[in-house]
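The following exercises concern nonpolar packing, helix crossing and aromatic pairs. Each task is followed by a solution in steps.

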Amino acid sequence: MKVWFWTAGACLQAAAMSIFLFPHAISSGGAAGISIMMNHLFHTPYAASIWGVNAVMIVLAFKCLGLKTAAGTMYCVTIAAMVIDFLMPFFLFPLGRIWTDLPAGALFFGIGLGILFKSGASSGGMDIAALILSKWRNWPPGRSLFYMNTTILIATGLVVDIKTILYAIVCQWIASRVIDFIQSFPVNSMRKKPLPKQ
């Protein structure tokens with residue numbers, strides 16, 4: 001059953017990046033920021049660099065979070081890379097203005113990542129570090145992710161365009177709030193309560 005949540009979360013996250021964020025060169029996080037810099041400097045395909053960066057993080061997930069989480073992360077990274085590779089040729093240019101695409105991308109990105117976190121997986125990158133901190137220190141994963149990614153976002157802005165730093169931080173702030181909301185949402189409340197006996 002979890003594989004369906006993993007697939008949905010990875011597809012939502014990848015679609016948010018491909019359709020709304022990457023056309024504006026907005027980084028949604030660590031691996032995405034590195035992939036934007038790689039594409040800007042060396043014209044490396046987004047999907048290839050995202051998968052490559054995540055290889056190291058998957059090893060870390062295996063050591064710190066166990067085989068199941070590592071396997072889930074590898075699956076999610078692969079699905080996300082495939083969706084990005086499929087969608088990017090159709091969205092080479094922005095769909096709309098920055099102030100419509102940015103919140104839409106951040107919202108869908110946060111929902112996708114929140115689903116992954118809630119189902120015990122991640123999409124790699126700094127997400128794994130956020131899960132480790134959440135497990136060891138009981139820190140909210142969305143907030144941890146926001147602080148860790150800030151450094152990478154600043155570096156991306158300095159390499160690509162200084163304006164993208166602000167956009168990326170706004171994206172992270174919105175996404176982190178969505179992630180933490182999904183994390184705090186009680187799963188049991190989604191189940192239908194039994195009808196009272198007559």
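**Exercise 1.** State how many residues the largest nonpolar core has and which helix gives the largest share.

*Solution.* A nonpolar core is a set of buried Ala, Val, Leu, Ile, Met, Phe, Trp, Tyr and Cys residues joined through side-chain atoms within 4.5 Å; buried means under 20% relative accessible area, exposed over 50%, partly exposed in between (1.4 Å probe, protein chains only). In this predicted model, local features need pLDDT of at least 70 and side-chain atom pairs pLDDT 80 or more, while totals for chains, interfaces and linings use all residues. Residues are numbered from 1 along each chain as its sequence is written, and side-chain values use heavy atoms, without hydrogens and water. The largest core has 47 residues, and I26 and L102 are among those with the most contacts inside it. Helix 1 (2–21) supplies the largest share, nine residues. Helices are DSSP runs (H or I, at least four residues), numbered from the N terminus.

**Exercise 2.** Identify the residues that I26 touches beyond four places in sequence.

*Solution.* Contact means heavy atoms within 4.5 Å. On that basis, I26 touches L21, I36, I98, L102, Y167, A168 and C171.

**Exercise 3.** Classify the ring pair of W99 and Y167, and state whether each residue is buried or exposed.

*Solution.* Rings of Phe, Tyr and Trp (its six-membered ring) pair if their centres lie within 6.5 Å; planes under 30 degrees apart are stacked, over 60 edge-to-face, the rest tilted. Here the centres are 5.7 Å apart and the planes lie at 85 degrees, so the pair is edge-to-face. W99 belongs to helix 5 and Y167 to helix 8, 68 residues apart. W99 is exposed because its relative accessibility is 54%; Y167, at 16%, is buried.

Key:
Helices (H or I, at least four residues) and strands (E, at least two) are DSSP runs, numbered from the N terminus.
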